[in-house]
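Visitor: I would like a close look at a single part of this model. Please start there and then work outward.

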Amino acid sequence: MAPNLASSTGKEKLITDEEEVLQAVILADSFNKRFKPLTTHKPRCLLPICNAPLLDWTFESLALAGVQEIFVICRSHAELVKTAIKNSKWSKPGTGLKIVPIVTAKETFTPGDAMRDIYTHGIITSDFVLVTGDLVSNIRIGEVVRQHKERRKTDKDAIMTMVVKQSGVNHRTRSKGDSAVFVIDPETSECLHYEAVTGYPPKKYASIPRELLNEHPEVEIRNDLIDCSIDICSVEVPSLFQDNFDYGDVRRDFVHGVLTSDLLMKNIYCYIAKEGYAARVRDTRSYDSVSKDILSRWTFPLVPDDNHPGGHSYEHLRGNKYIAKDNSVTLSRTCKIGNNTLIGSKSQIADNAQVTASVLGQGCTVGAGSIVRNSYLFDGAIIGPNCVVEHSIIGSGVQIKERTRVERGCLIADGVIVGPQARLAPFSRLSKRRQDNDEEDEDEEEDEEGDEGNEDDDEDEVDSELEDVEANQDPEALAKLGSGTNAIIWPPPTVDEDEDIDELEHPDNQRLMRIGDNASDLVLSDPGSVTESESESESDSDDDDERFGGSNPASSTTSLPLSTPSNLVAQADSAMISEFQQEVKQSLDRAFAEGHSVDNAAVELKTLRMASNVPLRLVREAVIAAVVSRIKITVGGAIPQRKEITSMIARWGGLIDKIGGVDAVETVEILQECCASSDRLPLFGQILAALYQDDIVDEDDIRAWHANSKSQGQCVKPASLQDNYKKCWVTGAHMIKQFDEQDSDEESEEDADDDSESREGNPAVQNAVTQELSSIGATSSEEDSSVEASNEEDDEDNTDEDDSE
């Protein structure tokens, strides 16, 4: 028996070792056309986001989560995906990550088809992580996997755990066109019901099986969860797809089908992540949102200046500006780089050009006087002089010639030439003519012969689609693209009345998913805005079936509104904000009392904000109020008071920007509000000068705040508070006057090195300006309290006279 026992123990050890290898499956195909024509000749997973392919961000996310073996399932442009994997740093020895590309059959058209192909290949041996090739995440999935495996020991029917995050209605990474209702058991986290919700046409009610309410004494009906598209699946999941060919989409078909099936008797659970970041680039709108989240450092440690998936190196500057570190970027002295901007190596920004909240790839050029706002330029894109590009995505090698305007929502594919003096209508989609593409394709060589069939099929599909688009061009519209254009215009999406189309992909619903489109003309569901009389008249209606979306209240389903009445929502929000403010105050009290580092204090505040999902302004208000309230008011005059303020700002001022979402103008607004409504009013000028000295605010920020009508106290009540606002505004006017005088002095001085004259480059000038501004702040403060000071002096004189007598 002893040898058998030893043999059995050895087998158990091998099985345990195998289970420790965490596998992941990446569905590299998007199975939709939301990025067309950018994805005509490359898959979405290879599109760059913040200058690194989406697939590399997904690899980084999985590596951070502890995954050791990855299978990349791809069909379209499979050779490009395989080449990208081969060239990836993760394919090099010593990375601890094994990546295996698997090319599926050409009949793979849905995620369900891909899952069935996974089952056919037999590659899954244990529980695995299922994600898509457009995931950006820093969530540590190890804890989710551990809970999933622990749950499997007691519940053999548990086949999947979905990772979700709580969010507000206006969270920028929450899709307005594709959301869902989750019905969850709060005790076990079991997902009892799942119902997909599209934004248009509006859907006001969710139908929930009534037996769920009978079987579970308490349930949570959640419409506030962002689906992270991270699933921990058991080995049974691919076989369930194989058994049911109706399962096309993982959520709307598989999850919904499993939970509503009386035969399968399988259970699916939710893991509500309270920390970390996870989002999918599902469409061009989410591309914009995720890009801004990366630049705002919500994805830390996956940020441009550290752990950049593309291997690039960037310098992080104030205002979340990222400049390539290789000293190859050329910035004109008169150009303006706004906040939340990333500029790749070898890029050039000419005189008087403006780049704000945008990403520029490697080797990009922005001509003199041009403006690029909220846009994304891939490698080698060239913007000519005096152009405007807003809320658009510009492909690699695109040339936009002089005096061309690209309106919001435009997608321009690789190699397109537009202009000169062209004007693109909003949401235009352009790609190159076929003959230009054919000439380039002739120069390309195929690396492998085994998958030529799939590649040929891809090219045939592309050629057929481009042929249809090119055959229906409007000559007048093409003429507006400029004399030197090589572009064709893609038609806007339409729907044939006889065509049966998925409501998710309907053009009206897709408007909620494209960059730059606020869809203000679409009437969306807003149950909270229904008046009481309207609600009563609706309840008296006899047409119950119409009211409840075709389901009768007497049937086996219960229909509930997707949001709570507005007054209850307001009460809940008020209570949540009050609780959050109390927690922030306690956190800051601990940080000040225990001497925490600014970084640690910022991490704790970020965690509190993400858990409560409140606006960032509330955190900034709390930080500024805490710093200002802890400045001691000295009695020895302006100099000791200035030292006290400088010491406090130097120690804790950095926390204002460390909490994320740098907005210096808002910082000055909140400082004014805080000082105007407290006994710190006389300190406003000196505090503002200290913030200026520590580079927390700059001259442009102070000018922008001062130019805002709100800074003068308009619409502020009561009148005494309005007067305090005006006093702060007058102090700001003194500072701006000093700025102007200093600029005039600098211009009169001749210096060979112009850069040394800047405030950043010349410490002497900076210190001089700061001292003068501090004196202005002190003077203003002394003027505000001059009456009190004179009264105190009179009292002292009287006392001295009494003593002498």
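Where is the place of I337?

Guide: This is a predicted model. I337 sits in strand β19, which spans residues 336-337. Its relative accessible area is 15%. The cut-off for buried is under 20%, so I337 is buried. Which residues does I337 touch, leaving out those up to four places away in sequence? They are K321, L331, I343, I349 and V355. A357 is another reference point: it lies 20 residues from I337 along the chain. The C-alpha atoms of I337 and A357 are 8.7 Å apart.

Now the aromatic rings. The count of aromatic pairs is nine. One of them joins F241 and Y247. The centres of these two rings are 6.0 Å apart, and the planes meet at 80 degrees. That pair is edge-to-face. Both partners can be checked for burial. F241 has 0% relative accessibility and counts as buried. Y247, at 7%, counts as buried too.

Y692 and F739 form another pair. Their ring centres are 5.3 Å apart. Their planes stand at 50 degrees, so this pair is tilted. Y692 belongs to helix α22 (residues 684-693), while F739 belongs to helix α24 (residues 719-748). The pair therefore ties together parts 47 residues apart in sequence. Y692 and F739 are both buried. Ring pairs also build a cluster, made of F35, Y287 and Y376.

Two arginines lie over ring faces. R514 is over the face of F427, at 3.9 Å from the ring centre. R651 is over the face of W652, at 4.0 Å from the ring centre.

Helix α23 comes last. It covers residues 699-707. Its buried residues include E699, D701, I702, W705 and H706. Why do these residues fall on the same side of α23? They cover an arc of only 165 degrees around the axis, which puts them on the same side. The general rule helps here: an α-helix has 3.6 residues a turn, so residues three or four places apart point the same way. D698 caps the N-terminal end of α23. A side-chain oxygen of D698 lies 3.2 Å from the backbone nitrogen of D700.

To return to the starting point: I337 is buried, in strand β19, and among the residues it touches are L331 and V355.

Terms used:
Residues are numbered from 1 along each chain as its sequence is written. This is a predicted model: local features need pLDDT of at least 70, side-chain atom pairs count only at pLDDT 80 or more; totals for chains, interfaces and linings use all residues. Side-chain values use heavy atoms; hydrogens and water are left out. Buried means under 20% relative accessible area, exposed over 50%, partly exposed in between (1.4 Å probe, protein chains only). Helices (H or I, at least four residues) and strands (E, at least two) are DSSP runs, numbered from the N terminus. The arc is that of the directions from the helix axis to the C-beta atoms. A polar contact is a pair of N or O atoms within 3.5 Å; within protein, one must be able to donate a hydrogen and the other to accept it, and residues adjacent in sequence count only if both atoms are side-chain atoms. Contact means heavy atoms within 4.5 Å. Rings of Phe, Tyr and Trp (its six-membered ring) pair if their centres lie within 6.5 Å; planes under 30 degrees apart count as stacked, over 60 as edge-to-face and the rest as tilted. A charge sits over a ring if NZ of Lys or CZ of Arg is within 6 Å of the ring centre and within 35 degrees of the ring normal.
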